[in-house]
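These are my notebook entries on a structure that I went through element by element. I set down what I looked up and what I found.

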Amino acid sequence: MSVLTRDEAQTRAQLLDVHHYRVDLDLTTGDETFGSRSLIRFTARTAGDTFVELKPETLHSAVLDDTPLDIGALDGNRLPLSLTEGEHTLLVTTTMRYSRTGEGMHRFKDPTDGESYVYTQLFMEDVQRVFAAFDQPDLKAVFELAVTAPEGWTVLSNSVTEQQSDGTWLAAPTPLLSTYFVCVAAGPWHSVRTEHAGLPFGIHCRRSLAAHLDADADEILAVTKACYDRYHEKFDEPYPFDSYDQAFVPEFNAGAMENPGLVTFRDEFVFRSAVTVTERQTRAMVIAHEMAHMWFGDLVTLRWWDDIWLNESFAEYMGFQTVNEACSDLFPDTWVDFGIARKAWGYEADQRPSTHPVAPDPEAVPDTASALLNFDGISYAKGASALRQLVSWLGEKDFLAGINIHFKRHKFGNATLADFIDNLAAATDRDVHGWADQWLRTTGVDTLTPRLDGEGTSWRLTVDREGSRPHRISVGVYDRDPSGALELRERREVDVPQEAPAELSGPRPALVVLNDEDLTYTKLRFDEVSRETALRDLSRIPDALTRAVVWNALRDMVRDGDLAPAAYLDTAVAHLPEETELALLQGVLGFARTQIADRYVSEDERPAALAKIGEIARALLRRTEDGEAPGLRLTAVRACIDSATTPDKIASWLDEGTVHGGPELDPELRWRILARLAVLGATDETVIAAELERDPSATGEEGAARCRAALPDPAAKAAAWSALFDSDDLSNYLFTATAQGFWQPEQAELVRAYVPRFYADATALGARRGPAMAEAAGRYAFPFHAVDAESLALGESHLDDDAVIPALHRKLVDQLDDLRRALAVRTA
């Protein structure tokens with residue numbers, strides 16, 4: 001299959017003006033394939049040769065105007081076209097194959113009740129798996145869809161759908177859309193419908209999740225309506241589509257996809273088991289993120305994939321900011337979660353060899369395969385951080401004025417970075433172009449360190465910078481009160497680089513925190529006194545966002561070899577039992593468990609690291625015995641399970657169906673316990689099969705696959721490896737679950753022989769199953785626990801293998817860099 005290059009897209013955009021698609025899909029032809037018919041009306045501005053893209057199981061016919069084309073001319077995914085100047089129609093009839101990898105038209109059979117569901121995910125170049133199209137973002141057109149579906153199914157699409165007398169479902173014509181936004185979701189959906197602002201709103205899930213969706217419907221719809229109203233306060237352009245549906249679909253690769261009028265979400269957001277308020281907040285943020293795309297991405301779309309950050313950074317920033325504004329009664333401060341979780345994703349991505357500017361040079365994104373690699377922590381978290389810094393520097397009023405100019409000038413069209421910056425500049429006297437060059441065209445993370453000079457009650461604060469970007473930051477100056485707690489003396493804005501040191505009056509502060517409100521994107525260090533205070537008194541810092549800034553600094557210090565992993569764990573033991581902010585608890589415990597315990601300490605030190613995490617968890621359990629903090633208690637229970645080094649206590653919980661003092665075990669906790677027991681060799685296939693019989697859901701099947709792969713038994717490991725790499729039977733989710741269970745630090749000797757096998761087998765898998773499965777293999781099936789120089793050298797030797805497709809190559813580069821860092825931390 002040929003990937004589309006930027007040059008080819010530009011040439012085709014100069015040649016063609018695409019007007020209209022009529023797409024007919026027949027979903028009644030069986031479980032393996034479906035019928036597809038695409039009628040395209042377009043104009044050729046001059047005579048010339050071009051092509052249309054499709055990836056059919058069978059190409060039955062192609063008719064250009066009234067002339068049948070040679071279907072044998074299909075070359076990979078390209079059918080050549082020779083055009084005369086003027087109006088044309090192209091009719092392509094195919095049979096297409098359903099996917100089990102979350103790409104194209106994905107088909108899923110629910111093991112709970114046997115019902116089937118299909119949905120499309122057409123991002124980048126997967127529309128070609130569903131119907132023939134001129135597949136690039138700047139050839140927008142009107143789409144009309146007709147879908148023949150089995151009796152009892154409901155068909156959802158980008159616009160309002162109605163079932164006709166013959167059973168066919170017709171969707172109303174859309175406004176101008178890029179091909180990758182077309183969406184169909186069909187099946188016996190359970191739906192909750194309402195109306196807001198004169199538009200039909202709906203939320204949908206598979207029938208087996210109906211009770212769980214109903215339980216959360218009020219919250220989901222309240223968040224949706226609040227965000228919708230807030231965006232209409234921010235944006236001059238009204239919502240541009242005729243309805244707003246949100247479908248929670250199975251085995252979805254991303255968190256969600258911003259299809260106009262029909263957003264698709266992974267259906268893990270329909271919670272089957274207890275969750276914390278932070279997890280509900282994440283769902284709300286994703287709702288807000290995808291809704292922001294209705295304007296930035298859908299109404300105004302990138303011209304080429306080098307500007308994908310324009311979509312994702314904007315939606316990421318707006319998602320957190322809008323939930324913070326519109327849903328503060330439910331979620332008081334989303335920026336704490338952004339700081340501790342999302343920014344860490346950006347910082348890590350930006351320090352790897354695969355880093356790139358937020359707005360990469362167009363030459364760095366020559367084709368769709370390279371563009372796919374930029375959906376990372378830089379395009380999302382770093383870009384959102386840059387926009388938050390821009391708003392701090394520019395002011396929200398001017399920022400929104402520039403955004404509204406952008407929407408007005410380019411609505412239903414395409415735009416570039418240059419357009420975006422010009423439109424922002426039109427709303428302010430500030431040098432936005434210079435800011436963009438320094439922030440969006442550069443790579444890496446700056447580091448800011450405070451330096452205090454003086455004595456008595458006169459101090460001068462200088463911020464030393466490693467890096468090149470300007471920063472507007474808030475500096476928090478803290479003293480100890482008579483009880484020993486920290487209190488804010490003052491918070492002042494400082495521009496870095498500084499024209500002159502900041503003058504501080506009063507005694508030497510106990511703690512100076514740069515970027516105190518987390519308004520910029522930078523690593524931080526402390527002066528000597530502040531470092532000691534941070535380690536000793538972190539829980540006494542009054543503001544949760546400031547604590548997040550400090551915890552992030554400590555995390556970066558561990559990763560850079562400036563703070564011993566054991567010191568980080570000791571700090572966590574000292575302060576997490578008193579922590580009240582769930583996002584902080586989850587972020588710090590997650591880093592301690594998955595990075596420090598699993599990678600940054602040696603095999604001999606690992607039991608002590610797990611013991612410290614367990615000590616924190618037990619302290620939190622004691623603190624929450626009164627039942628008044630269920631989120632804290634759930635977090636503590638999960639940490640107890642994940643850090644268990646002996647099976648007795650968690651096995652007794654499973655046997656009794658409850659944690660002593662609560663909560664009762666729901667499916668998520670039961671599978672979590674069973675997975676840990678499998679790692680410890682304290683369960684077997686009989687117990688796993690019985691648990692699956694108890695929970696015969698899709699999530700149950702994933703839990704069973706994870707547990708079976710985690711058993712410390714050579715036959716279980718061989719069976720799991722064969723399922724992963726010797727056949728293509730596993731869906732994307734079952735592949736991920738199996739891979740997650742396979743590698744366990746406790747089983748290093750048992751699986752040592754599989755480490756060298758990974759590279760050849762993952763390479764072959766990527767070539768067979770494509771980028772989504774290659775990315776899953778690189779992310780989840782990589783031997784992360786093998787932290788040694790031999791494993792690093794082995795992995796590096798495969799980076800020059802031309803058979804490694806780009807999606808896998810990118811994951812290997814990142815994983816090997818993480819391995820290199822873990823080795824450096826161990827020896828620091």
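The entries below take up the sheets, a hairpin, a helix, one aspartate and the cysteines in turn.

**Entry 1: the kind of model**

I note at the outset that this is a predicted model.

**Entry 2: the sheet of 8 strands**

I looked up the strand order of this sheet. It is an open sheet with mixed pairing, and its order is E5-E4-E7-E2-E1-E10-E13-E12. I then asked which strands stand at the edges. They are strand E5 (67-68) and strand E12 (161-163); each has a single partner strand, so one side of each is left without a neighbour in the sheet.

For E12, I looked up the pairing with strand E13 (residues 169-171), which is antiparallel and runs over 3 bridges. Within that pair, Thr161 has Ala171 of E13 as its bridge partner. I also found a helix packed on this sheet: helix H1 (residues 6-15) touches strand E1 (16-26) and strand E2 (33-44). The direction of H1 makes about 100° with that of E1.

**Entry 3: the sheet of 5 strands**

I turned next to a second open sheet, whose strands follow the order E15-E16-E17-E19-E18, again with mixed pairing. Here E15 and strand E18 (256-257) stand at the edges. Each of these has a single partner strand, and therefore one side of each lacks a neighbour in the sheet.

I followed the pairing across the sheet. Strand E15 (residues 190-196) pairs with E16 in the antiparallel sense over 7 bridges, and Thr194 stands opposite Phe201 in E16. The hairpin of E15 and E16 has 2 residues between the strands, and Ala197 there takes a positive phi near 55°.

From E16 to strand E17 (residues 244-249) the sense is parallel, with 4 bridges. Gln246 in E17 is the bridge partner of Ile203. E17 in turn is joined by 5 bridges to strand E19 (residues 262-266), and these two run parallel. In that pair Ala247 stands opposite Thr264 in E19.

Is strand E16 (residues 199-205) largely enclosed or left open? I found that 6 of its 7 residues are buried, so E16 is largely enclosed by the rest of the structure. I also looked for a helix on this sheet: helix H2 (residues 210-234) lies across E15, E16 and E17, and runs at about 25° to E15.

**Entry 4: the hairpin of E22 and E23**

I looked up how strand E22 (residues 447-455) is paired. It is joined by 9 bridges to strand E23 (residues 458-466), and the two run antiparallel. Their hairpin has 2 residues between the strands, and Gly456 takes a positive phi near 65°. E22 is also joined by 2 bridges to strand E28 (residues 523-524), here in the parallel sense.

One residue of E22 appears in both pairings. Leu448 has Arg465 in E23 as its bridge partner, and Leu448 also stands opposite Leu524 in E28.

**Entry 5: helix H12**

I checked the span of helix H12 (residues 544-559). At 1.5 Å a residue, its 16 residues should span 22 Å, and its end C-alpha atoms are 22 Å apart, which agrees. I then looked up its burial: 16 of the 16 residues are buried, so H12 is largely enclosed by the rest of the structure.

At the N-terminal end, Asp543 caps the helix, with a side-chain oxygen 3.1 Å from the backbone nitrogen of Leu545. H12 is followed by Gly561, whose phi is positive, near 80°.

**Entry 6: Asp350**

I asked where Asp350 sits and what its side chain meets. It lies in helix H5 (residues 334-350). Its relative accessible area is 3%, and because buried means under 20%, Asp350 counts as buried.

The side chain of Asp350 makes polar contacts with two other side chains, that of Thr355 at 2.6 Å and that of Lys382 at 2.8 Å. Leaving aside residues up to four places away in sequence, I found that Asp350 touches several others, among them His356, Ile378, Thr443 and Tyr521.

**Entry 7: the cysteines**

How many disulfides does a search of the whole structure find? It finds 0. Cys640 is in no disulfide, and the nearest cysteine sulfur, that of Cys707, is 19 Å away. Cys707 is likewise in no disulfide, with the sulfur of Cys640 as its nearest at 19 Å. A disulfide requires two cysteine sulfur atoms within 2.5 Å, so a separation of 19 Å does not qualify.

I also looked up their burial. Cys640 counts as buried at 11% relative accessibility, and Cys707 counts as buried at 0%.

Conventions: Residues are numbered from 1 along each chain as its sequence is written. This is a predicted model: local features need pLDDT of at least 70, side-chain atom pairs count only at pLDDT 80 or more; totals for chains, interfaces and linings use all residues. Side-chain values use heavy atoms; hydrogens and water are left out. Buried means under 20% relative accessible area, exposed over 50%, partly exposed in between (1.4 Å probe, protein chains only). A polar contact is a pair of N or O atoms within 3.5 Å; within protein, one must be able to donate a hydrogen and the other to accept it, and residues adjacent in sequence count only if both atoms are side-chain atoms. Contact means heavy atoms within 4.5 Å. The expected span of a helix is 1.5 Å times one less than its number of residues. Two strands pair if DSSP finds at least two bridges between them. Axes are lines fitted to C-alpha atoms, for helices over the stretch in contact, and angles run from 0 to 180 degrees between N-to-C directions.
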